[in-house]
Amino acid sequence: MCVGLSARVVSVKGGSAVIDASGARRTVSAELLSELEPGDYVMVHAGIAIAKINGSAAEESGQIMEQLDENGKGNN
Amino acid sequence: MRTAKEIIENYSGRPLRIMEVCGTHTHEIFRCGIRKILPPQIELISGPGCPVCVTPPGYIDSAVELALKHNVLITTFGDLIRVPGSEMSLAGARSKGAQIKPVYTPLDAVELAKSEPEREVVFLAVGFETTAPSACLAVKHAKSEGIKNFSLLTSNKTMPNAYRALGSCADAFLFPGHVHTIIGSGICRELQKNGVSGVIAGFQAEELLSALAVIAVKANSGAGAFFENCYRRVACDEGNPAAVKLINSIMEPCDAEWRGLGIIPGSGLKLNSEYADFDARIKFNVPECSGRPHAGCRCGEILKGVLKPEDCPLFGKVCTPLNPVGACMVSHEGSCSAYYQYGR
Amino acid sequence: MEEKYVTLAHGAGGSQTNELIDRVFKAHFANPDFTGDDAAVLTPGSGKIAFSTDGFIVSPWEFPGGNIGKLSICGTVNDLACMGAKPKYLSCAFVIEEGFPLDKLEEIAAAMEKTAAEAGVRIVAGDTKVAGKGQVDNIFITTTGIGEIMPGVRTSGTAAKPGDAVIVTGDVGRHGCTILLARNEFGIEADVTSDCAPLWGAVEEMFKVTKDIHVIRDATRGGVGTVLYEIAGQSQVGIRIDSAAVPVADGVKGVCGMLGMEPLYLACEGRLVVFAPKSEAEALVARLRTLPYSGEAAIIGEVVADPVGKVVLTTEIGAQTMLPPPGGELLPRIC
């Protein structure tokens, strides 16, 4: 379920936004997100921007693994 | 520091059964070959996470009836087109002259209705909380623009009661990141209090690996049930309140039939009375069909993780991706299709 | 007054048929072997010939990077080229829908003339039929071709061997993606043009590098993924592909991301999949990259002894997983 597409906001107008994913562009609904600006990254599902994205998968995975490592040390 | 992959590959703790409840998780896990690096103690179970898998045959029958008897234009997400009903799939109906059109979003279906006011357009609203906002927005747009030839055939479902029903089937859930992008992590914390563990996971290979590593470590820390959000960059704890508010203003909970699992109380969504004009069942007086799944089909047990796809007598013989019997074979994300295509 | 549309009378075999042939086809296809007699009379070379036919229906009939005319020449020329045959002669049969604009028919014929000239092939015979409104979708074209196989060359789908490298001559999935976008059903825009191209030149250059090429196949509908499964089956070998090595244009990646599609299964119309010993692969790719339609050529994998008939991908986490076998209608996957 729920194929999500990570895309960059190109422009915002009214309740919709033009998004760009690797050069593919589409107009999607931006009605469920407030204060969207060009340059933001959003998660798009079925033509709706459902969330702003904060940071990359690599960053978050790195943080999770560091945390896991520290907790592990605490337990030893 | 050990990498997530090293933690998983070298896991030597107690046996773990982890249930992914999202078809896209299933698909990505197979696509990047994560199952191939799992040690024997870790088992991944593909639970009911694909809206196509859990859509009952009777729903397809209703859509086919709308298309063939009422001559409506059926708009749908692409993967529903091959799902078998009791008599035929939408692809089968199309070969008999039915108008079936795949769309990227239900908002496009509304635009289609707007451009052809003489024609009745029905959108097949399936999916979980992630997808419900798109159907709700479509109806909202149609209402505010006075578009009267658009309606939904709803079969929307919600996850919390399914989690509660399936909690005992696994040691931990891999919670679907995009469902929780909408509904937040409240339900996960409630499940944790009741002894059910899980981790919210993203969809890229490294996100799936780090989420699985967290489960592997936490499950052996002896600290009891755990919960962690490993997809904070997209799914924040409060979810998307605007989306939840939208759903609650247009739809209301109902009991829902899940193919293979039966009826789970309060696990569905239907349009509320204010939007009844947009309910295709009311508009076209479509009776609730109770379709018959194939007698040998074991989709239900496969969804619960009780059986593996190859345990089903139809798997790979009668039932293949080109000629699917059960819905688990229909969707690319279905457990059986994924097993068939990617091998074990 | 000059007529602007193809009518049923143009297909009736009378004077209007002749006018259509003179105005459109003779004007563009003129060459000494195109006589207008009932059959072309040709002098074969001394070696073996390759002979192939292909029918073309594409909606829309024109698209960024080409039209059905160009496609119909490339398709048959490339089929011949894959056998190591220099394309020599083509016939073409048109089925045209009543009401099709004559100036558009001329555009198609002009594209065929240009592409045939580039491929060094002569159009020597043709046929025109007009079908009633709604009986065909604008225009269908069938081309049949004869080519002369180069001496010392033997390619076949059964000839891939363990130890061969797998080469693609460019980025994959562009034609399929272009057509998908041109139909404008999903509201997506991307800067993608069809890869449709005649590839005899690329094949000729490859054989200058080495005659030791085992398989050449053009990836058309079904894409490169389908070719890999065909060859794995016909040659009774396994194929291993490094997914990171498969060239995919950015726009194609983006569209596939939006619609949940696999670029390896999107159609190409100007890409060859080549199997040759690893020792020759680098030199082949280096030569291909100097040519107009294969600047992105790359080694994407290798042939192994087993699993027979399967295509295995090495993924981004270094695991091995099967490429899903081809099958069924390509449907956008959204949920």
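**Chatting through chains A, B and C**

Author: A compact globule of 76 residues would have a radius of gyration near 11 Å, whereas chain A comes to 16 Å. That radius is taken over C-alpha atoms, and the globule rule is 2.2 Å times the number of residues to the power 0.38. This is a predicted model, where local features need pLDDT of at least 70, side-chain atom pairs count only at pLDDT 80 or more, and totals for chains, interfaces and linings use all residues. Residues are numbered from 1 along each chain as its sequence is written, while chains are lettered from A and ligands numbered from 1 in the order in which they are written.

Reader: Thanks! What box do the C-alpha atoms of chain A fill?

Author: Roughly 55 × 25 × 20 Å, taken along the principal axes.

Reader: And which secondary structure does chain A have?

Author: Chain A has one helix and five strands, in the order β-β-β-β-β-α along the sequence. Helices (H or I, at least four residues) and strands (E, at least two) are DSSP runs, numbered from the N terminus.

Reader: How much of chain A is buried?

Author: Buried residues are 47% of the 76 in chain A. Buried means that 20 or more other C-beta atoms lie within 10 Å of the residue's own; exposed means 12 or fewer, and partly exposed is in between, with C-beta atoms placed from the backbone.

Reader: Switching to the contact between A and B: how many residues does each chain give?

Author: Chain B gives 43 residues and chain A gives 28 residues. Two residues are in contact if their C-beta atoms, placed from the backbone, lie within 7 Å.

Reader: Which helices of chain B supply at least two residues each?

Author: Among them are helix H2 (23-31), helix H7 (132-144) and helix H11 (205-218). H11(B) gives the most to the side of chain B that touches chain A, with six residues.

Reader: Nice. What's the chemistry on that side of chain B?

Author: There are 22 nonpolar, 16 polar and five charged residues on the side of chain B that touches chain A. Here Ala, Val, Leu, Ile, Met, Phe, Trp, Tyr, Cys and Pro count as nonpolar, Asp, Glu, Lys and Arg as charged, and the others, Gly among them, as polar.

Reader: Back to H2(B). How do its axis and that of helix H16 of chain B cross?

Author: The axes of H2(B) and H16(B) (residues 335-342) come within 10 Å and cross at roughly 10°. Axes are lines fitted to C-alpha atoms, for helices over the stretch in contact, and angles run from 0 to 180 degrees between N-to-C directions.

Reader: So what do we call the arrangement of H2(B) and H16(B)?

Author: H2(B) and H16(B) are therefore roughly parallel. Angles under 35 degrees count as roughly parallel, over 145 as roughly antiparallel, 65 to 115 as roughly perpendicular and the rest as oblique.

Reader: Which residues meet there?

Author: B:Thr26, B:His27 and B:Phe30 of H2(B) meet B:Ser335, B:Ala338 and B:Tyr342 of H16(B).

Reader: On to chain C. Where is the cis bond before C:Pro60, and what loop holds C:Pro60?

Author: The cis peptide bond runs from C:Ser59 to C:Pro60, with omega near 0°. C:Pro60 sits in the loop between strand E1 (49-56) and strand E2 (62-63) of chain C.

Reader: What about C:Asn184, is it exposed or buried?

Author: C:Asn184 is exposed, with 10 other C-beta atoms within 10 Å. C:Asn184 also has a positive phi of about 55°, although it is not a glycine.
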